[in-house]
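I opened the model today to look up an annotated site. My entries follow in the order in which I made them.

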Amino acid sequence: MGKVVEMNHPLIKHKLTFIRDKNTGSKEFRELVKEVAMLMAYEVTRDLPLRDIEIETPITKTKSEVISGKKLGIIPILRAGLGMVDGMLSILPAAKVGHVGLYRDPETLEPVEYYCKLPTDVEERELIVLDPMLATGGSAKAAINFLKDRGATNIKLVCLIAAPEGIKVIEEAHPDVDIYVAAIDEKLNDHAYIVPGLGDAGDRLFGTK
């Protein structure tokens with residue numbers, strides 16, 4: 001079973017408070033989401049392998065560690081996932097970025113893929129899927145399915161806020177996927193919004209209604 005990591009760092013908690021606040025405007029909201037994504041990147045990459053190389057400091061030659069050739073891919077789920085990309089890239093500038101676009105079929109209510117553009121070597125990369133809200137889990141579950149269909153085997157899901165219902169869906173559908181969240185909230189309401197949540201992340205990022 002994949003692990004679920006809730007990040008309790010004071011900086012993340014502080015910034016998340018203002019992300020939740022309905023009075024926070026789009027500009028500040030975007031900046032805060034970027035900053036939290038950057039802080040989350042630190043924990044998400046904790047288990048990257050290292051190797052020794054020899055360098056020369058101003059004093060002497062020494063062996064020191066660098067990341068061991070691990071290829072990373074950052075995969076935002078459109079459109080809200082875009083808000084987390086720059087924060088991740090500020091820490092992981094060598095990562096390649098792919099995109100998965102989904103919409104919900106009004107008849108079946110199932111997620112349908114309308115766009116998918118991934119790095120060509122997706123099967124060799126550790127993929128970090130970004131979606132600010134893990135509510136019902138339907139979109140993230142479908143996006144991970146699409147990635148696996150294209151050969152991906154090493155996937156992590158990174159969200160700002162998750163409902164217990166959404167976590168359960170991912171754990172059951174994709175037990176090999178680790179989930180990283182800034183906060184696990186109370187529940188979903190009757191309209192499938194996370195409570196207390198932060199509203200619609202896409203609308204708040206891009207100033208739409």
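**Entries on the annotated site**

I began with a polar contact: in this predicted model, a polar atom of the side chain of aspartate 200 lies 2.8 Å from the backbone nitrogen of aspartate 203.

I then located aspartate 200 in the fold and found it in the loop between strand 13 and helix 6. Is aspartate 200 buried or exposed? I recorded a relative accessible area of 30% for aspartate 200, which lies between the cut-offs of 20% and 50%, so this residue is partly exposed. Leaving out residues up to four places away in sequence, I noted that aspartate 200 touches Arg79 and Tyr193.

I turned next to glycine 199. I placed this residue in the loop that runs between strand 13 (194-195) and helix 6 (201-206). Glycine 199 counts as partly exposed because its relative accessibility is 36%. Which residues does glycine 199 contact, apart from its neighbours within four places in sequence? I listed Met133 and Tyr193.

I also looked up a separation along the chain. Glycine 199 and threonine 60 are 139 residues apart in sequence, and I noted 55 Å between their C-alpha atoms.

Finally, I consulted the UniProt record. The entry, which is unreviewed, carries the annotation "binding site" for Ile194, Gly199, Asp200 and Ala201. I compared these residues with the largest pocket and found that its lining includes Ile194, Gly199, Asp200 and Ala201.

Key:
Residues are numbered from 1 along each chain as its sequence is written. This is a predicted model: local features need pLDDT of at least 70, side-chain atom pairs count only at pLDDT 80 or more; totals for chains, interfaces and linings use all residues. Side-chain values use heavy atoms; hydrogens and water are left out. UniProt positions are given in the numbering used here, feature names are shortened, and annotations may be inferred rather than shown by experiment. On a 1 Å grid over the protein atoms alone, a cavity is a set of points where a 1.4 Å probe fits but cannot get out, and a pocket is an open set with protein on both sides within 12 Å along at least five of seven lines; lining residues have an atom within 4 Å of a point. Helices (H or I, at least four residues) and strands (E, at least two) are DSSP runs, numbered from the N terminus. Buried means under 20% relative accessible area, exposed over 50%, partly exposed in between (1.4 Å probe, protein chains only). Contact means heavy atoms within 4.5 Å. A polar contact is a pair of N or O atoms within 3.5 Å; within protein, one must be able to donate a hydrogen and the other to accept it, and residues adjacent in sequence count only if both atoms are side-chain atoms.
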